Amino acid sequence: MSITNSKNRKATKHQVSGTGYWANAWFRLKKNKGAMLSLAVIILMVVIAILADVVSPYPYDLQNADHAFQIPSTQHLLGTDNFGRDILSRIIHGSRISLLVGFSSIIFAIILGGLLGALSGYYAGKVDNIIMRSMDILMAIPGMLLAITLAAAFEPGLNNVIIAIGVAEVPIYARVIRSSVLTIKGQEFIEAAESIGASDTRIILRHILPNCMAPIIVQATLGMAGAILSVAALSFLGLGIQPPTPEWGSMLANVRQHLLTYPHMALFPGLAIMITIFALNILGDGLRDALDPRLKN
Amino acid sequence: MSTLLEVRDLKKYFKTPSGTVHAVDGVSFSIEEGKTLGVVGESGCGKSTLGRTVIRLLQPTAGAILYDGRDISSPSKEELKALRREMQMIFQDPFSSLNPRMTVKDTILEPMEIHRLYDGDRTKQSESVLDLMDTVGLARRLADSYPHELDGGRRQRIGIARALALEPRFIVCDEPVSALDVSIQAQILNLMQDLQEEKNLTYIFITHDLSVVKHISDKICVMYLGQVVEMCHSKTLFKQQYHPYSQALLSAIPLPKVGVTRKRILLRGEISSPIDPKPICRFASRCPHAKPICFEKEPNLVHVKDQHYVACHLQKEGQPYELPLPEDTVEIENK
Amino acid sequence: MNENKLLEIKNLTIQYKTDNGLVHAVNDLSLSLKKGESLGLVGETGAGKTTTALGIMNLVPDPPGIIIGGEIQFEGSDLLKLSKQNMRKVRGEKISMVFQDPMTSLNPVMTVGKQIAESVRIHETLSRKEAEQRAVDVLEMVGIPGERFNEYPHQFSGGMRQRVVIAIALACRPDLLIADEPTTALDVTIQAQVLDLIANLKKEQQSSLIMITHDLGVVAEVCEKVAIMYAGRLIEYGTLDDIYNHTRHPYSIGLFSSIPSIDGDEERLRPIPGLMPDPINLPKGCSFWPRCNRATENCKRAVPALIESDPDHWVRCIHIDKAGFFEKNAVSKKTDTSRNESITHTKDTDVEIDSSKLEESLASG
């Protein structure tokens, strides 16, 4: 190797060292065009949701009886609804609720499910049996039915919707995390941590959970899509977000009587739901490929 | 020389649905400070379980472990944590023994953090990490690298540095070089010998590689199905074996030499099950020298001569019996 | 082509395309094997041994692998130019391969007898009965009682499973058997049984053998010829006697002095300093020079040619002339014997440090 060559080598080495697991995953994700497009869509949605008051052309609850049932025009880009409210503005404000509920319910499910799954996988035996059998019972009830039951039992409202949807997701995360914990627990570095005197808490928090992140992130992205769909469904049934707060599902519910005469009123909220779900699913698949160590070369 | 570790009649059983596995079944030995005890045997002979039980990663089923004169077979939580500073382990697999999400520095630092070395002074700990990296031959600039960026040899050096971080006196090395290429294996073996000399470390060196164990050990014990069948000074074992299993094992090693001819004992059959073994000689079913008594009772470990112990019915206390070559041999000729 | 030659590899080059660059797995490899001969292909991880074998079988995974060039002449035809169909006929019938892990090369839901019979029937037109009889025969040949025909792989121990894999490989009486680390996963006593089996079969069946291994002991026992590979190149080739008793290449010498000996009493090993080069970024010239104690400025200029140092003993090193310039002992004194030196060598096992040192010494000298 000549001097120049060895310098080159140093340079490439430098690029590699310091780049951790996540940087590598990001590198792989960047090559997936579909996933990157989806990521852009999702980021755009988050930005719009945050800036809803600024970007929406009208207040979401501004009623104008004269302008009811308008089809898309330059004045109302996506038309108006039966109360003459601007559909675009309502969709923009509705994204706040959808994303908030989707995100919060998944976080709720990850924290609760993660904790249960980690305990169950790490301690095995009786603890595992008790936790996993209760999860099985929870899983035996269809998620939507469980969410409906919970939502109906409590006062309808944002927090209760989040909990209702989150609870239904808990067993999924508990299972995902338990199985990764079981795999990781069998590796020698856990034994090594024990041999240097690490406590159980330290082993779980520092050695096991960080290594379970990949499947959790994938599951969370896909789960968020499901949660957004669930909140739309609950609202559609009248158990979720209450009017006049705009929510995609309840917007759909409102137009039921007018569906045949004014299809645009259902089309746009429906499209909003579809695009979000689609983007999250594609991103989830992309993340799975990017984070899967088996594809690492 | 004082005895650092003494193990008496150590047993480790595992309950499984199909019965009790006698992984370690009545093992006794002692190691002097600064020396290396090699433990050899084939897969499933209980050598790894033995190592893990001795440093208390596993709770022994029965028996005594005396470390520096203290019995450590059932320590309290605090005693166990204190023990961790004295006894460490180097693992076999340089890939799975390091947390893939932790940098080299974090990995070596962690034991110091747990035991609050240097009164928890982060700067001093970091300095000590870099010193350790020098000691084991890792370039300091690799401190922020992740394990997956490094090759097997370097990763094994990280494992060694982690084991040394608490300045232990006693280290169990579980096949530390088996996963490495020969040229790297030799580098790591030399490093381990240097460290032993420098820090007066005591090793238990577990391996299936007989030439490695001969190279590094002072004393060797040969294990078969959870029991020690032969124990002696490492050089004597390779000259004279008094147990039929050791005899067969040594004859099976392929020699990297040309122009030598020797007889190889071919063992028929496979290792029998360690699940609820019968109280007879565990090697009897494969033994070319087996006698009726071997199928009736278990042999004890007897002292045949000069610190040479054998567990075989053919051997009597103080009367070594030179095993003849069995009939079932093949001639191996390296042309 | 020489009548006697069964296999002749000429200038084989195989690369893998990865995100980080081109991996030069096999570089310009030429080898030949006579009928009935057994060759040991020796090298460390990443030396390109397995890729060479996969190349012969035309099984290099594509993507990411690409066979850049070369020829593999086998019984008069170039294996690299054969159609998929014809190649399938060669595999199994003429050339068989035994892989390292006996567990993953067997189908867990099929009895071992069926698996053997199946592979026979793919290549030969035999009735089911005849194929099953053949399966029983080969099982007995590898030392497994024919009654175990109807058992599943999990009912066999590791050593037995490897025998089954060998039985499958031999069922069609191939002309060439390629064994990729067939005993690495086995215990010594079981390894002895399998090696004994391979040696016997070779004698009985007169088939040729390529034994891929890192274990110089295994090679000494089974092979007649030895090829040592380093970073995708053949660096030394010759008979057992040539390689073991008249070792020429500094890497081969280093390899021998890295193994602790079972009958000697060495206090310290003399390892090769440094690490295998990155196959994406091979050093210019001789790929071994950054680790070599003989390296000079000339070593970096170009890849050394193979030189015939003794009759049919080939070495890829510019320091070797026809008479075998230096001998094993002369060199081994020079390798690090003092412990300080070994630490400085191993302290930073990186190529750039070594090379900069060398640059200095070369500049001053």
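Reader: Which residues of H6(C) are buried, and what makes them count as buried?

Author: This is a predicted model, and in H6(C) the buried residues are C:Val188, C:Thr189, C:Ile190, C:Gln191, C:Ala192, C:Gln193, C:Val194, C:Leu195, C:Leu197, C:Ile198, C:Leu201 and C:Lys202. The cut-off is 20 or more other C-beta atoms within 10 Å of a residue's own, so each of these residues reaches that count.

Reader: How do you know what span to expect for helix H6 of chain C?

Author: You take 1.5 Å times one less than the number of residues. H6 covers residues 188-205 of chain C, 18 residues, so 26 Å is expected. From first C-alpha to last, the helix reaches 25 Å, close to that value.

Reader: And what comes just after H6(C)?

Author: There, C:Gln206 takes a positive phi of about 60°.

Reader: What makes residues of chains C and B count as being in contact, and how many does each chain put in?

Author: Their C-beta atoms have to lie within 7 Å. By that test, chain C brings 43 residues and chain B brings 43 residues. On the chain C side, H6 gives the most, with 7 residues. That side divides into 17 nonpolar, 15 polar and 11 charged residues.

Reader: What about the contact of chain A with chain B?

Author: Here 18 residues come from chain A and 25 residues from chain B. Helix H9 (residues 188-195) of chain A gives the most to the chain A side, with 6 residues. The split on that side is 7 nonpolar, 8 polar and 3 charged.

Key: Residues are numbered from 1 along each chain as its sequence is written. Chains are lettered from A and ligands numbered from 1 in the order in which they are written. This is a predicted model: local features need pLDDT of at least 70, side-chain atom pairs count only at pLDDT 80 or more; totals for chains, interfaces and linings use all residues. Helices (H or I, at least four residues) and strands (E, at least two) are DSSP runs, numbered from the N terminus. A residue is buried if 20 or more other C-beta atoms lie within 10 Å of its own, exposed if 12 or fewer, and partly exposed in between; C-beta atoms are placed from the backbone. Two residues are in contact if their C-beta atoms, placed from the backbone, lie within 7 Å. Ala, Val, Leu, Ile, Met, Phe, Trp, Tyr, Cys and Pro count as nonpolar, Asp, Glu, Lys and Arg as charged, and the others, Gly among them, as polar.
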